[in-house]
Amino acid sequence: MQGRQIKQCGLSSLTLLATFLHCNCLPHSTGGKPFPETAKEIASYAKVAKSIIDLAVYGKAQNRSYERLADFTDTIGNRVSGSKNLDLAIKYMFSALRKDGLENVHLEPVKIPHWVRGVESAVMLQPRNHTMAILGLGSSVATPQGGIEAEVLVVESFEELKKRQKEAIGKIVVYNQPFVSYGETVQYREFGASKAAEVGAVATLIRSITPFSINSPHTGWQDYQEGVQKIPTACITVEDAMMMARMAKRGQRIVVRLTMNAQTFPDADSFNTVAEIIGSEHPEQVVLLSGHLDSWDVGQGAMDDGGGALISWEALSLLKDLGKNLGGLVSVNISNFNLVMESDMGTFTPLGLQFTGSVQARAVMAEVMKLLKPINTTTLEEHGEGIDIEMWMDAGVPGASLHVADSRYFWFHHTNGDTMSVQSPIEMNLCSALWAVVAYVVADLEEMLPR
């Protein structure tokens with residue numbers, strides 16, 4: 001064994017969505033030894049990979065990541081950035097990692113945002129009385145004391161808002177934008193408040209960013225633009241947004257009273273939670289596995305991102321159980337980061353990985369993924385993503401993210417529905433096996449992934 005370090009981190013972040021493309025480019029060499037020799041070396045790990053898969057999927061570790069996640073989320077609940085619950089979650093995980101016998105379990109101090117939702121409500125007063133389900137958006141300001149009572153302007157796009165900007169003055173703008181994709185549609189949540197404020201609106205209510213709804217609002221972060229008046233902003237359900245659009249089309253006057261008591265405090269002190277498996281020959285070289293421990297302040301944060309954090313822990317547990325000792329002390333030299341991995345799109349049925357790196361590194365990773373044929377998770381897509389590993393990938397470090405069958409992810413994303421009922425022990429077993437096999441093989445190869 002070459003013995004590079006494998007680290008597991010519980011980080012604090014929010015989520016982005018990737019675009020998937022295929023690449024069929026293969027090099028003649030990985031930059032060191034000839035590529036056929038590297039491929040042969042990787043193929044020699046077939047028995048090790050099968051032993052990891054058997055332990056995770058069929059053996060004594062079966063369902064362990066699911067049970068750990070259930071205990072974690074049932075005990076702590078949701079864990080929004082800056083909250084006491086997040087402090088409890090970090091203490092819980094620190095203790096659990098040490099009890100599991102992992103090495104160099106420690107906390108790394110960080111500063112994190114601290115926004116508190118407070119009491120909030122939205123009531124339609126005209127053309128009929130109707131209480132709406134809402135979730136204020138992260139970083140939103142509060143309404144004035146007593147709330148805002150104003151007529152509503154419903155639009156379906158920024159372009160329509162621009163055309164009708166004179167109508168927006170003094171009104172609550174309701175965005176009823178259709179869901180196209182998360183990456184495209186989330187701009188209304190992120191920038192809708194400032195766009196409306198620029199044309200004189202007093203608040204915004206934004207159709208939740210989801211393709212499916214059972215009258216459930218979805219929260220998330222929003223960004224005020226510099227030099228623009230900050231106005232209160234919240235998400236409403238798809239159903240209520242569509243209803244107000246129908247009312248507006250019929251020419252009915254809509255009046256809403258919005259009350260929000262949100263507050264933003266100075267950044268809070270917190271920690272990244274780190275555990276390691278320490279190896280022998282190249283302890284300064286690192287393979288990083290990560291998921292974020294924080295969540296939004298609704299639901300349990302089981303899917304986003306409890307599952308990602310727990311399979312990262314489980315990967316280390318699997319390798320420890322099999323006696324696969326690697327790693328060493330943490331190095332701050334970025335050249336020693338071999339591969340950074342993040343799971344933040346749910347732990348549903350895994351399909352493979354998304355990967356960012358050189359053509360040569362992609363060829364190596366394609367060979368590694370072949371070892372996962374026994375569980376049919378061999379896909380290697382382009383564009384590894386994740387806000388927690390972005391800075392390393394931008395600096396040229398190869399990066400990978402878990403690619404799952406995520407069609408249901410945005411049904412529950414940032415809602416009260418993000419609970420353990422979304423999770424499957426079978427799917428988490430498979431995700432843990434994939435995560436552990438990739439981390440171990442990449443860490444143990446004779447050469448680092450080519451840059």
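1. Met369, at 0% relative accessibility, counts as buried, because the cut-off for burial is under 20%. This holds for a predicted model, and the remarks below concern that model throughout. Met369 belongs to helix 11, which covers residues 359-370. Setting aside the neighbours within four places in sequence, the contacts of Met369 are Gly352, Leu353, Thr377, Thr378, Thr379, Leu380 and Val438. Ile42 stands 327 residues away from Met369 in sequence, yet the two C-alpha atoms are 9.7 Å apart in space.

2. Two of the elements reached by Met369 return in later points. Its contacts include Gly352 and Leu353, and strand 14 spans residues 350-356. Val438 is also among the contacts of Met369, and helix 14 runs over residues 425-444.

3. What is the overall make-up of the chain? The chain holds 14 helices and 16 strands. For 451 residues, a compact globule would have a radius of gyration near 22 Å; the chain has 24 Å, which agrees. Along the principal axes, the C-alpha trace spans about 70 × 45 × 40 Å.

4. Burial and contacts in the chain may be read together. Of the 451 residues, 60% are buried. Among contacts with a separation of 6 or more, 84% are between residues 24 or more positions apart. The exposed area of the chain is about 18,000 Å², and carbon and sulfur atoms supply 53% of that area.

5. Helix 14 merits separate comment. At 1.5 Å a residue, its 20 residues should span 28 Å, and the end C-alpha atoms are 28 Å apart, which agrees. Of these 20 residues, 18 are buried, so helix 14 is largely enclosed by the rest of the structure. The N-terminal end of helix 14 is capped by Ser424, which has a side-chain oxygen 3.3 Å from the backbone nitrogen of Ile426.

6. Which strands pair with strand 16 (residues 399-404)? Strand 13 (residues 337-342) runs parallel to strand 16 and is joined to it by three bridges; within this pairing, Glu342 has Ser401 as its bridge partner. Strand 14 runs antiparallel to strand 16, with six bridges between them, and here Phe355 is partnered by Ala400. Six of the six residues of strand 16 are buried, so the strand is largely enclosed by the rest of the structure.

7. Strand 6 (residues 148-155) has six of its eight residues buried, so this strand too is largely enclosed by the rest of the structure. Strand 6 pairs with strand 10 (residues 255-260) in the antiparallel sense over four bridges, and Glu149 stands opposite Arg257 of strand 10. Strand 6 is also joined by four bridges to strand 7 (residues 172-175), in this case running parallel. The bridge partner of Val154 in strand 7 is Val174. As background to such pairings, side chains in a regular strand alternate between the two faces of the sheet.

8. Several backbone features deserve a check against the displayed model. Most residues other than glycine have a negative phi, and most peptide bonds are trans. Where are the cis peptide bonds noted here? One joins Gln126 and Pro127, with omega of about 5°; Pro127 lies in the loop between strand 3 (120-126) and strand 4 (130-132). Another joins Asp304 and Asp305, with omega of about 0°. Asp305 is placed in helix 10, residues 302-321.

9. Two residues that are not glycine carry a positive phi. For Ser139 the value is about 85°, and this residue sits in the loop between strand 5 (134-136) and strand 6. For Asn215 the value is about 60°, and this residue is found in the loop between strand 8 (203-207) and strand 9 (233-236).

10. Are Ser139 and Asn215 buried or partly exposed? Ser139 has 15% relative accessibility and therefore counts as buried, the limit being under 20%. Asn215 has 38% relative accessibility and therefore counts as partly exposed, since that class lies between the 20% and 50% limits.

Notes: Residues are numbered from 1 along each chain as its sequence is written. This is a predicted model: local features need pLDDT of at least 70, side-chain atom pairs count only at pLDDT 80 or more; totals for chains, interfaces and linings use all residues. Side-chain values use heavy atoms; hydrogens and water are left out. Buried means under 20% relative accessible area, exposed over 50%, partly exposed in between (1.4 Å probe, protein chains only). Helices (H or I, at least four residues) and strands (E, at least two) are DSSP runs, numbered from the N terminus. Two strands pair if DSSP finds at least two bridges between them. The expected span of a helix is 1.5 Å times one less than its number of residues. A polar contact is a pair of N or O atoms within 3.5 Å; within protein, one must be able to donate a hydrogen and the other to accept it, and residues adjacent in sequence count only if both atoms are side-chain atoms. The radius of gyration is taken over C-alpha atoms; the globule rule is 2.2 Å times the number of residues to the power 0.38. Contact means heavy atoms within 4.5 Å. Accessible areas come from the Shrake-Rupley method with a 1.4 Å probe; for residues, only the protein chains shown count as cover.
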